[in-house]
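This briefing sets out the fold, the nonpolar cores and several individual residues of the structure shown below. The points are grouped by topic.

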Amino acid sequence: RSTTTFATKMERASIPLVLILFGIFITTNAKLMYVGSYTGIHIFDKQSDGSLVKLSKAQVGSSSFIAISNDGKNLYATGQGDTYASYAIQPDGNLTTFNSLSGCASGKACITTHVSVTSDKKFVFGANWGDGSFVAYSLWDNGGLHKLTDSLIPLAGDKGDTYKNRQDGPHAHMLFQSPGNRYLIGIDLGADKILIWKFNNFTGRFGELRLKSLPLGSGPRHISFHPSGNFAYVLSEIKNTISAFRFDQVSGIFTDLQTVSSLPKSMQGNRDASAGEIRTHPNGKFLYVTNRNAGSDNVGAYSIGSNGKLSPIQFYKSGGGSPRGMNLCPKGKFLYVANEIPQDGKSLRAFKVN
């Protein structure tokens, strides 16, 4: 175990996994942690010092992103390329499969990329990178997937990325409820857009669509809201930027505040670097991002001012290559980073934040 400084102080531990790691989610009791990967969903028991003890061999199939219901009883996952899957979380933390449904309504390969579940556990939402579609599913009372209630491909790619052509078409990358649950917020990497919908909780269908544009070629990937719900931060994969907005929870309007680089000064302008994940600390005072590729492989820490604006603190090595997934435990005492490329045989890193 090694020590370093993170925000005020960070202590880093290594967990010996040689995996391709993606999504990280921690149950509401802050005791169990689930990590999605190409080799399945891995389950860990989180110790009081933040270290992790693996509970079992990888369960179920490949999953690039996972989500857990607020009551901690169900887990949802992007499945083998083109499906969404539902599971029950047993008292010992293991998973029992309910069912899976196709994520594709367009007839094309959809490549399921992101999944979320509503706070009342009545619907699951998905974003599909391959065909640019956003989907909604109703749930059974036991949390299993019931049926597809709506599917939309609302946009086209704006072709702003002329370097790697990552905007040749729409590439939906995230979809979930806004703070206050009035709106659905979608992110489309290929179209440089934030999408804002009203959602009909009776029919399960998307309502009127409004758009918030980002600069051409940004490639927005994920969004993270401040705990107050009044600020939002969008991480853009192509331009490696963090866009800060004031968010009106009643009207659903995003108002520009600031745009900063997600990279350290020495790497800004590197077109081969690629931003990965963004998370806001539960205390609302800090924000974290991961940067991948081109030797970046770091976690950036930012302070959040009372006006919602960001100030960079420092950048720290992620302890591996291509840190794609990252999450904080509910109380914010520990931060976990999932690297796609292991270092010294270890892919998953645990950090203590003071």
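The accessible surface of the chain comes to about 14,000 Å², and 50% of that area belongs to carbon and sulfur atoms. The model is a predicted one. The chain contains 29 strands and zero helices. Its radius of gyration is 19 Å, close to the 20 Å given by the globule rule for 354 residues, so the chain is as compact as a globular protein of that length.

**Overall dimensions and packing**

- Taken along the principal axes, the box filled by the C-alpha atoms is roughly 50 × 45 × 35 Å.
- Of the 354 residues, 59% count as buried.
- Among contacts between residues at least 6 apart in sequence, 48% join residues that are at least 24 apart.
- The chain carries 37 positive and 24 negative charges, and the mean positions of these two sets lie 6 Å apart.

**Nonpolar cores**

- In soluble globular proteins, nonpolar side chains tend to be buried together.
- The largest nonpolar core in this model has 15 residues, and those with the most contacts inside it are Ile-185, Ile-194, Ile-223, Phe-225 and Phe-254.
- Two or more residues of this core come from each of the strands β15 (172-177), β16 (184-188), β17 (193-200), β19 (220-225), β20 (231-236) and β21 (241-247).
- A second, separate core comprises 14 residues, including Phe-123, Leu-155, Leu-195 and Phe-199.
- Beyond its neighbours up to four places away in sequence, Ile-223 touches Met-174, Phe-176, Ile-185, Ile-187, Ala-232, Tyr-233, Val-234, Phe-254 and Ile-278.

**Ser-243 in strand β21**

- Ser-243 is found in strand β21, one of the strands that give two or more residues to the largest core.
- The relative accessible area of Ser-243 is 5%, under the 20% limit, and the residue is therefore classed as buried.
- Residues up to four places away in sequence aside, Ser-243 touches Leu-214, Ala-232, Tyr-233, Val-234, Gln-258 and Thr-259.
- Ala-232, Tyr-233 and Val-234 are among the residues touched by Ser-243, and these three are also among those touched by Ile-223.

**Asp-45 in strand β5**

- Asp-45 lies in strand β5, which spans residues 40-46.
- With a relative accessible area of 15%, Asp-45 is buried.
- When neighbours within four places in sequence are left aside, the contacts of Asp-45 are Lys-31, Leu-32, Ser-51, Leu-52, Val-53 and Leu-55.
- Asp-45 and Leu-55 are ten residues apart in sequence, with a C-alpha to C-alpha separation of 6.4 Å.

**Positive phi angles outside glycine**

- Asn-293 is not a glycine, yet it has a positive phi of about 70°.
- Asn-293 lies in the loop between β24 (286-292) and β25 (298-304).
- The relative accessible area of Asn-293 is 32%; this value falls between the 20% and 50% limits, so the residue is partly exposed.
- Ser-322, likewise a residue other than glycine, has a positive phi near 55°.
- Ser-322 is found in strand β27 (residues 321-328), whereas Asn-293 is located in a loop.
- Ser-322 is buried, with a relative accessible area of 5%, whereas Asn-293 is partly exposed.

Definitions and conventions. Residues numbered from 1 in each chain as written. Predicted model: local features only at pLDDT ≥ 70, side-chain atom pairs only at ≥ 80, totals over all residues. Heavy atoms only, no water. Helix = DSSP H or I, 4+ residues; strand = E, 2+ residues; numbered from the N terminus. Rg over C-alpha atoms; globule rule 2.2 N^0.38 Å. Buried < 20%, exposed > 50% of the residue type's maximum accessible area, 1.4 Å probe, protein only. Contact = heavy atoms within 4.5 Å. Areas by Shrake-Rupley, 256 points an atom, 1.4 Å probe, with all protein chains shown as cover. Lys, Arg positive; Asp, Glu negative; His and termini not counted. Charge placed at Lys NZ, Arg CZ, Asp CG, Glu CD. Core = buried A, V, L, I, M, F, W, Y, C linked by side-chain atoms within 4.5 Å.
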